Amino acid sequence: MAALPNGGMDQNMHKLALAAALAAGSLAATSAQAQGMSPYAGLGISYQILEADSGGVNTAGPFSNADTDNDQVFGFRAVAGLANMARLGERVSLRGELEFLMPEKASYETFSLAWPYYANDEMYGGFVNLYLDIAVPEISAGTGVFVGGGFGGFRHDLSVTDGVVGGQNKSSAYAWNLGGGVKQRILDNVDLTGSVRYIDYGKVGANLFILGGGPAAGSYDLDQSGIDIGLTLTMSFDGLL
């Protein structure tokens, strides 16, 4: 996924956040007229198996920075949404959700430069998600499965160094996710949700310089994606709307 220039990207991120807020407000306002809508909020954790493809050129070499590495990180997530936005059948309904996600710092070791070459990325952001919920009472009361995805954006703080060259840059990139999971009601208004999804965090980059105040030494790009395994506890507020 291509990154936009940092200034334009930040403006687009602000527009995206404003659009999400307006959409959520409009959704909440119109939902008061609907029957059966259920607002909810929750907190959760995730375990992510990430893969990063690097690129760019080190002009101090000169050679390519192309390589691939993996990392595993934990993350924190907070969600708020509306279940039963629309009934599509006796068992099927639509659910909308706003999600905040903040993984741990991801660190990648690559051999494209002098060993060991590290690229570290700290990121946070969110998604506007839409899910298709399907009740499965045959398994147990209050059990359901869901599929869906979302679109959003993340703020990245990327730093790279190998002891000879280094660079750092704060930028933003669009992101998207697609997956599904299982939801189980464990109390009258509390659900435990397990999910597995693919997340594409987009591409970010930084300019490289010779350490110690030296001249420019090329660039380094990082394109991250991976599998997110999540566990979330949510509380519904039936009757609030």
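Strands here are DSSP runs of E, at least two residues long, numbered from the N terminus. With that in hand, welcome to this predicted model; let's walk through it one selection at a time.

**Stop 1: D191**

Select D191, which sits in strand β10. Is D191 buried or exposed? Its relative accessibility is 10%, and buried means under 20%, so D191 counts as buried. Now show side chains and look for R185: the side chains of D191 and R185 are joined by a polar contact of 3.0 Å. To see the rest of the surroundings, add K183, Q184, T232, L233 and T234, which, along with R185, are in contact with D191 once neighbours within four places in sequence are set aside.

**Stop 2: R95**

Next, select R95 in strand β5, which covers residues 92-103. At 5% relative accessibility, R95 also belongs with the buried residues, because the cut-off is under 20%. Which side chains make polar contacts with the side chain of R95? One partner is Y40, at 3.2 Å, and another is D133, at 2.8 Å. Leaving out residues up to four places away in sequence, R95 touches a longer list that includes L82, M85, N129, L130, Y131 and F146. K183 is on that list for R95, and you have already met K183 as a contact of D191. Then try a distance between C-alpha atoms: R95 and A83 are 4.4 Å apart in space and twelve residues apart in sequence.

**Stop 3: the nonpolar core**

Now for the largest nonpolar core, which has 24 residues. Start with V160, Y201, L208, Y220 and L222, the members that touch the most others. Two or more residues apiece come from β1, β6 (106-110), β7 (117-135), β8 (143-161), β9, β10 and β11. The largest share, five residues, is from β10. Zoom in on L208 and, skipping residues up to four places away in sequence, you will find it touching V160 and Y220, as well as N65, Y117, V165 and A217, among others.

**Stop 4: the surface patch**

Finally, switch to a surface view. Select Y47, I49, F74, F151, W176, L178, V196, Y198, I227 and I229: together they make a nonpolar surface patch of about 870 Å². Colour by strand and you will see that β1 (38-55), β9 (165-187), β10 (190-210) and β11 (216-236) each supply at least two of the patch residues. End on I49, in strand β1. With 37% relative accessibility, I49 counts as partly exposed.

Note on methods: Residues are numbered from 1 along each chain as its sequence is written. This is a predicted model: local features need pLDDT of at least 70, side-chain atom pairs count only at pLDDT 80 or more; totals for chains, interfaces and linings use all residues. Side-chain values use heavy atoms; hydrogens and water are left out. Patches are made of residues with over 30% relative accessible area and no salt bridge: like charges are joined within 9 Å, nonpolar side chains (Val, Leu, Ile, Met, Phe, Trp, Tyr) within 5 Å. Accessible areas come from the Shrake-Rupley method with a 1.4 Å probe; for residues, only the protein chains shown count as cover. A salt bridge is a side-chain nitrogen of Lys or Arg within 4 Å of a carboxyl oxygen of Asp or Glu. Helices (H or I, at least four residues) and strands (E, at least two) are DSSP runs, numbered from the N terminus. Buried means under 20% relative accessible area, exposed over 50%, partly exposed in between (1.4 Å probe, protein chains only). A polar contact is a pair of N or O atoms within 3.5 Å; within protein, one must be able to donate a hydrogen and the other to accept it, and residues adjacent in sequence count only if both atoms are side-chain atoms. Contact means heavy atoms within 4.5 Å. A nonpolar core is a set of buried Ala, Val, Leu, Ile, Met, Phe, Trp, Tyr and Cys residues joined through side-chain atoms within 4.5 Å.
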